[in-house]
Amino acid sequence: MARQRTDLMSLWRAVEQAGSIDNYVEAQLRERGFIIARRETDSMSPRELEAYKKSLREEAAERRRMRSEAWSAYKANHIVHLGEGVYWNDADDWDKWDLDHAEERAAANELPPLDKPKQLAEALGLTVKELRWMAYHRDVTEMIHYRPFTIAKRDGSPRQIWAPLPKLKAAQRWILREIVEKLPVHGAAHGFLPGRSILTNAQVHRDSQIVLKMDLKDFFPTVTFSRVRGVFRRAGYRKQIATLLALICTEAPREIVERQGKTLYVALSQRCLPQGAPTSPAITNTLCLRLDYRLSGLASKLGWRYTRYADDLTFSLPSEHSAAPRQGALLGLTTRIVEAEGFAIHQDKTRVARSGARQTVTGLVVNGPEAPRVPRRLRRELRAALHNLKAGKPLLEGDTPQRLAGFAAFLYMTNPQLGAEMLETLGSLEGRPT
């Protein structure tokens, strides 16, 4: 396989030196003596005519063979086509929507220089053919680069997860590490960022008169292929590279259909960020830079505080704020800004909590000036489960040692001493029947 790739690369270099496939084929035919001088056939004898026709057939066959080889070499070094509904032209090295000084922007963001698809393929450890295969879009296909499964949401409804297969996942991780994580993100964003967490998100909203929580509806599906491509173009890449990067990071929501003994994956809408790809959360963070900037400015102007954790927007009014809260203005203007930025508020999930009630932010209680903490009910349930384990009693339905360890680690984040004690207890009980 490696030898074949080397041969195709050498062949394509020869084609490039000739100026075109036609020029290359013509030169090779002449060099190998396959070009037959055209003559009038009226005066030829039947034997001469047959010999002449045979020579022309041999020339035509050799021309077809050489064109086929040259085309194979072309495809080994060019994308050619990316599937249904995806515009691609190998000759397009400039587009009117590209940044005027794209390379300078990429350098300013400390991104790897990627001018041609072949450079991207090499950076990802792929051939151009493998890159095309990974980025190719089909509305109906028997094979996708993801493994779909569902998990339960907090309300019990199913959430579909699309986990990338190893080769695609490796490519996405490279894009995440070398490109997306280097792009600017607003300070109000706390999800999926080094040094930030649900705890740093909650800390902003301690000791509040009012905590207002809003959700963005259909967050990942709203971030479509064209928007993701725009992220990479603004980062400093031109259309070709931005298109390939966006295709690798997106997939169409699909329905799984069984037909005539075959499993088909049928696209239901346009490509968007799949929930399960390692690149998806980080792409939303940089995509929401202007949204966060505008909402942070609005909150500050009205005397509120603002943070975003993925699709969760949180506003809080500090306890020392003495002016009118202007909650209605905040709600209305936030909705307008969110819609202007291409998202929508999930109205059914908007929640308001005043200081007299329990205020939680990303699962942590933030009432009063003390640090965010795990709800008391969860701590009691965890203690009870550990007590039952020690006593040899069965766990409640749905509880497992792994699940309890997850809760203990959650507790450790806000109360290291208590969390460590519970993790140590679980470790000592590991292997005992439940």
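Here is a short back-and-forth on how some features of this predicted model get their labels.

Me: What sort of model is this, and how are the residues numbered?
Reply: This is a predicted model, where local features need pLDDT of at least 70, side-chain atom pairs count only at pLDDT 80 or more, and totals for chains, interfaces and linings use all residues. Residues are numbered from 1 along each chain as its sequence is written, and side-chain values use heavy atoms, with hydrogens and water left out.

Me: How do you know that Cys249 is in no disulfide?
Reply: A disulfide is a pair of cysteine sulfur atoms within 2.5 Å. For Cys249, the nearest cysteine sulfur is that of Cys272, 12 Å away. Searching the whole structure turns up zero disulfides.

Me: Why is Cys249 called buried, and what about Cys272?
Reply: Buried means under 20% relative accessible area, exposed over 50%, and partly exposed in between (1.4 Å probe, protein chains only). Cys249 has a relative accessible area of 0%, so Cys249 is buried. Cys272 comes in at 4%, so Cys272 counts as buried too.

Me: Why are helix 16 and helix 17 called roughly antiparallel?
Reply: Helices (H or I, at least four residues) and strands (E, at least two) are DSSP runs, numbered from the N terminus. Axes are lines fitted to C-alpha atoms, for helices over the stretch in contact, with angles from 0 to 180 degrees between N-to-C directions. Under 35 degrees is roughly parallel, over 145 roughly antiparallel, 65 to 115 roughly perpendicular, and the rest oblique. Helix 16 (residues 401–414) and helix 17 (residues 416–429) cross at roughly 160°, their axes coming within 6 Å. The pair is therefore roughly antiparallel.

Me: Which residues make that contact between helix 16 and helix 17?
Reply: Contact means heavy atoms within 4.5 Å. Among them are Leu404, Ala408 and Leu411 of helix 16, and Gly419, Met422 and Leu426 of helix 17.

Me: What makes strand 7 and strand 8 a pair?
Reply: Two strands pair if DSSP finds at least two bridges between them. Strand 7 and strand 8 (residues 312–318) are joined by five bridges and run antiparallel, so they meet that cut-off. One bridge links Tyr309 with Asp312 in strand 8.

Me: Why are strand 7 and strand 9 called edge strands?
Reply: Their open sheet has four strands in the order 7-8-4-9, paired antiparallel. Strand 7 (305–309) and strand 9 (351–354) each pair on one side only.

Me: How many bridges pair strand 1 with strand 6?
Reply: Two bridges, in the antiparallel sense, which means the cut-off of at least two is met. Thr141 has Tyr265 in strand 6 as bridge partner.
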